[in-house]
Amino acid sequence: MAMQDRLNTTLYTAKPSAIRAFSALAAQTPGCVRLTLGEPDFDTPAPVCRAAGEALQNGETHYIANTGDPALRERIAAFEAAHNGMDYAPEEIIVTAGATEALFTALFGVLDPGDEVIVPSPAFVLYEQIVNLCRAVYVPLDTAPDGFQIDGKKLAALITPKTKAIVLNSPNNPTGCVYDARSLAAVYDAVRGRDIFVVCDDVYRQLCYSGEYHSFAEYRDLRPQLLVAQSFSKPYAMTGWRMGYLLGDRPVMEKLALVHQFAVVSTPAPFQRAAMAALEYDPAPMLAEYARRRTYVLGRLRGMGLPVNEPQGAFYAFPSIEGFSLPSAVFCTRLIREAGVAVTPGFCFGAEGYIRISYCCAPEQLALGLDRLEGFIRGLRGGDKP
């Protein structure tokens with residue numbers, strides 16, 4: 001037997017990111033405009049970079065505490081208290097290698113084989129893959145018929161004695177949806193009095209376009225059941241730094257710290273100083289630019305006749321392409337090859353009949369990409385055969 005056939009059996013069902021696959025196809029297509037990856041086009045703010053440089057010059061290149069520099073965890077605790085009303089102590093915080101590791105640590109630490117995890121769909125591909133690697137069962141909750149909000153009856157119907165966790169991502173990737181009070185109340189009613197964790201992926205929290213945002217983590221009476229993943233990547237344009245953190249109740253976090261310790265040990269010491277500087281930086285100018293792009297993108301999409309919900313956060317638009325009777329993968333592949341613009345097919349998020357457009361790119365590139373999308377759609381409506 002070949003050695004690759006002797007690997008952990010969960011790896012045989014794990015799938016590489018289809019988002020990356022479409023980005024790679026776009027990169028191989030000369031002149032293609034890429035509206036795929038959710039990465040800010042801004043550079044990391046200069047004060048953040050300076051802080052890392054100063055840390056290196058000061059010799060901060062050694063091991064630090066597994067869960068993160070105590071000074072950084074104190075800053076995070078103060079930031080969460082001041083900005084988000086959270087009451088987590090530094091000892092209840094793990095500094096992670098981005099929100100990806102925070103989510104992996106949370107789910108790996110929570111799940112046993114056969115446990116079920118409910119995830120409102122459309123959803124970022126990461127959740128399903130982590131759940132599968134944990135030998136647990138991924139249970140999608142289709143929110144598309146409900147305007148991407150959570151219907152309490154549909155959620156209740158999915159809960160079984162094996163339900164171990166619910167993952168909430170708001171603002172949502174890919175839809176940009178922010179869960180409203182009714183959605184949050186539906187989840188609250190579903191988990192109250194049950195031993196079910198709620199993992200809040202709040203990485204786009206600071207990229208919300210209105211003051212109406214509320215995280216499920218604000219239900220402090222459920223504190224022992226809550227795990228909150230955060231990231232420096234999206235609000236501070238720090239994707240390449242791989243810095244994030246996980247918040248949770250102390251008895252739970254003491255156990256989850258073991259997962260983090262044996263997987264990562266700790267995140268890089270100089271980057272901890274950079275993260276401290278980031279918490280002092282106001283990302284409002286970047287958010288204002290995303291808001292301008294959102295207005296432009298929505299106007300263009302609606303002008304093309306593509307139905308689209310207005311995103312309330314993040315930097316994605318998620319229009320419907322159901323009217324073209326093309327699978328989203330076919331639509332997006334043809335769009336790259338025939339029009340030279342790349343977007344992400346909805347099937348990547350468990351939502352066939354949609355495409356995700358990332359508008360975190362230069363305005364001139366965004367305009368060119370939408371011009372090409374409009375021309376492609378005009379061709380499809382003119383009777384082109386798929």
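Me: Arg-205, buried or exposed?
Reply: Buried, because its relative accessibility is 12% and the cut-off for buried is under 20%. Bear in mind that this is a predicted model.

Me: Where is Arg-205 in the fold?
Reply: In the loop between strand S6 (197–201) and strand S7 (226–231).

Me: Which side chain does the Arg-205 side chain make a polar contact with?
Reply: That of Asn-84, at 3.1 Å.

Me: And what else is Arg-205 in contact with, leaving aside neighbours within four places in sequence?
Reply: Besides Asn-84, the list has Met-86, Pro-171, Tyr-213, Ser-215, Glu-218 and Gln-230.

Me: Pro-171 is on that list. What is the peptide bond before Pro-171 like, cis or trans?
Reply: Cis. The bond runs from Ser-170 to Pro-171, and omega is near -10°. Pro-171 sits in the loop between strand S5 (163–169) and helix H7 (181–191).

Me: Where else is there a cis peptide bond?
Reply: Between Ser-121 and Pro-122, with omega about 10°. Pro-122 is in a loop too, the one between strand S3 (116–121) and helix H5 (125–133).

Me: Why flag cis bonds and positive phi values?
Reply: Because most peptide bonds are trans, and most residues other than glycine have a negative phi.

Me: OK, which residues in the loop between S7 and S8 have positive phi?
Reply: Ala-237 is one of them, with phi about 55°. It lies in the loop between S7 and S8. Arg-242 is in that loop as well, and its phi is near 55°. Neither Ala-237 nor Arg-242 is a glycine.

Me: How do Ala-237 and Arg-242 stand on burial?
Reply: Ala-237 is buried, with a relative accessible area of 7%. Arg-242 counts as partly exposed, at 35%.

Me: Switching to H8. How many residues does H8 have, and how far does it reach?
Reply: H8 covers residues 250–264, which is 15 residues. From first C-alpha to last, H8 reaches 20 Å, close to the 21 Å expected at 1.5 Å a residue.

Me: Which H8 residues are buried?
Reply: Val-252, Met-253, Leu-256, Ala-257, Val-259 and His-260.

Me: Why would buried positions in a helix come at spacings of three or four?
Reply: An α-helix has 3.6 residues a turn, so residues three or four places apart point the same way.

Me: What covers the buried residues of H8?
Reply: The cover includes strand S2 (93–96), helix H4 (98–110), S6, S7 and strand S8 (244–248).

Me: What follows H8?
Reply: Val-265, with a positive phi near 70°.

Me: Now H11 and H12. At what angle do they pack?
Reply: About 110°, with the axes 10 Å apart. That angle makes H11 roughly perpendicular to H12. H11 is residues 328–339 and H12 is residues 363–381.

Me: Which residues make the contact?
Reply: From H11, Phe-331, Arg-334, Leu-335, Glu-338 and Ala-339. From H12, Arg-372, Leu-373, Phe-376, Ile-377 and Leu-380.

Me: How many are nonpolar, polar and charged?
Reply: Seven nonpolar, no polar and three charged.

Me: Last one, Lys-153. Where is Lys-153, and is it buried or exposed?
Reply: Lys-153 lies in helix H6 (residues 152–158). At 73% relative accessibility, Lys-153 counts as exposed.

Me: How far is Lys-153 from Asn-58?
Reply: Their C-alpha atoms are separated by 57 Å. Along the chain, Lys-153 and Asn-58 are 95 residues apart.

Note on methods
Residues numbered from 1 in each chain as written. Predicted model: local features only at pLDDT ≥ 70, side-chain atom pairs only at ≥ 80, totals over all residues. Heavy atoms only, no water. Axes fitted to C-alpha atoms, helices over the stretch in contact; angles between N-to-C directions. Helix = DSSP H or I, 4+ residues; strand = E, 2+ residues; numbered from the N terminus. Parallel < 35°, antiparallel > 145°, perpendicular 65-115°, else oblique. Contact = heavy atoms within 4.5 Å. Nonpolar A, V, L, I, M, F, W, Y, C, P; charged D, E, K, R; others polar. Buried < 20%, exposed > 50% of the residue type's maximum accessible area, 1.4 Å probe, protein only. Polar contact = N/O pair within 3.5 Å; in protein donor to acceptor, adjacent residues only side chain to side chain. Expected span 1.5 Å × (residues − 1).
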